[in-house]
Protein chains: 2
Amino acid sequence: MVQFVHPAKEDLTLAGVLAALADPMRLDIVRRLKDKGACASCTDTAPCPKMAKSTLSNHFRILREAGLIRTTKKGVEHQNTLREEDINARFPGLLKLILKLAP
Amino acid sequence: MVQFVHPAKEDLTLAGVLAALADPMRLDIVRRLKDKGACASCTDTAPCPKMAKSTLSNHFRILREAGLIRTTKKGVEHQNTLREEDINARFPGLLKLILKLAP
DNA sequence: TCAATAGTTCAATTATATCGAACTTATGAA
DNA sequence: TTCATAAGTTCGATATAATTGAACTATTGA
């Protein structure tokens, strides 16, 4: 059922995580995923509705490759979850602080 | 004596700061500036010696525009200081945590 | 006066983000 | 079964950002 490659938590890099979170769109996606707690489809998590599908897809790819989210495919939708435990294990306190500081 | 424009601390953005720190070279520069405590020239702070001067100069420009450093010119050298107080006032705890988590 | 040093700016190449359009896959209705 | 629809990805083109060497500016010191 898993259709995407996700890095092991040991492979998460600080530069990769910061670069991924440095984009307001992606930070917004991460916040929404955290708020929802569970899985969420890409469209459900889209920061703004007028963004091109391909752009949104690209943001999810970057978040995946940075190790911030895990994506599985079920039916026609993709289910994305925030990898909170992995992120916190690798970079304790970082995610929480950035989300707190974000406008 | 001041030759560069620096944003007011209120103008620092989280996205800008994260993007600036997301580059390993720039994060290294910031760490060196913090370690030195006081001013430091660009060459003194260069992460790796084989990098092109223009590249180094560009990194300093990005750090300046993000509001992370202040640059003044004195004689033939540029003096760069980390804007710790401004950064901490705007984003409490962020700089310290990122530097702590960096490899 | 003039060579040397510290940085910046410029031009060219390369890499990355954005968008619309085309494509793939799965669902659900006729 | 068939076929339209919906969710995402991939592709091609354009625009913006990073890297480099070369040329330029400004200051120092011999």
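Let's start at the DNA: the side chain of A:Thr55 puts an N or O atom 2.8 Å from a phosphate oxygen of DNA strand C. Keep in mind that this is a predicted model.

Chain A isn't alone at that strand. Over on chain B, the side chain of B:Ser57 has an N or O atom 2.4 Å from a phosphate oxygen of DNA strand C. B:Lys53 goes for a base instead: an N or O atom of its side chain sits 2.6 Å from a base oxygen of DNA strand C. Which elements give two or more residues to the surface near the strand? From chain A there's helix 4 (53–65), and from chain B there are helix 3 (42–45), helix 4 (53–66) and strand 2 (77–82). Helix 4 of chain A makes the largest contribution, with five residues.

Now step back to the whole surface around the strand. There are 20 residues around DNA strand C, and the ones that come nearest are A:Thr55, B:Cys42, B:Thr43, B:Lys53 and B:Ser57. Of the strand's atoms that come within 4 Å of the protein, 62% belong to sugar and phosphate. As for the character of the protein side, 10 of the residues are polar, seven nonpolar and three charged.

And how do the two protein chains relate to each other? Chain B lands on chain A after a rotation of 180 degrees with 0.0 Å of shift along the axis, at an RMSD of 0.0 Å. In other words, a two-fold axis relates them. The interface fits that picture: 100% of the interface residues of chain B are interface residues in chain A too, so the copies meet through the same surface.

Conventions: Residues numbered from 1 in each chain as written. Chains lettered and ligands numbered in written order. Predicted model: local features only at pLDDT ≥ 70, side-chain atom pairs only at ≥ 80, totals over all residues. Heavy atoms only, no water. Least-squares fit on C-alpha atoms with pLDDT ≥ 70 in both. Contact = heavy atoms within 4.5 Å. Near = heavy atom within 4 Å. Polar contact = N/O pair within 3.5 Å; in protein donor to acceptor, adjacent residues only side chain to side chain. Helix = DSSP H or I, 4+ residues; strand = E, 2+ residues; numbered from the N terminus. Nonpolar A, V, L, I, M, F, W, Y, C, P; charged D, E, K, R; others polar.
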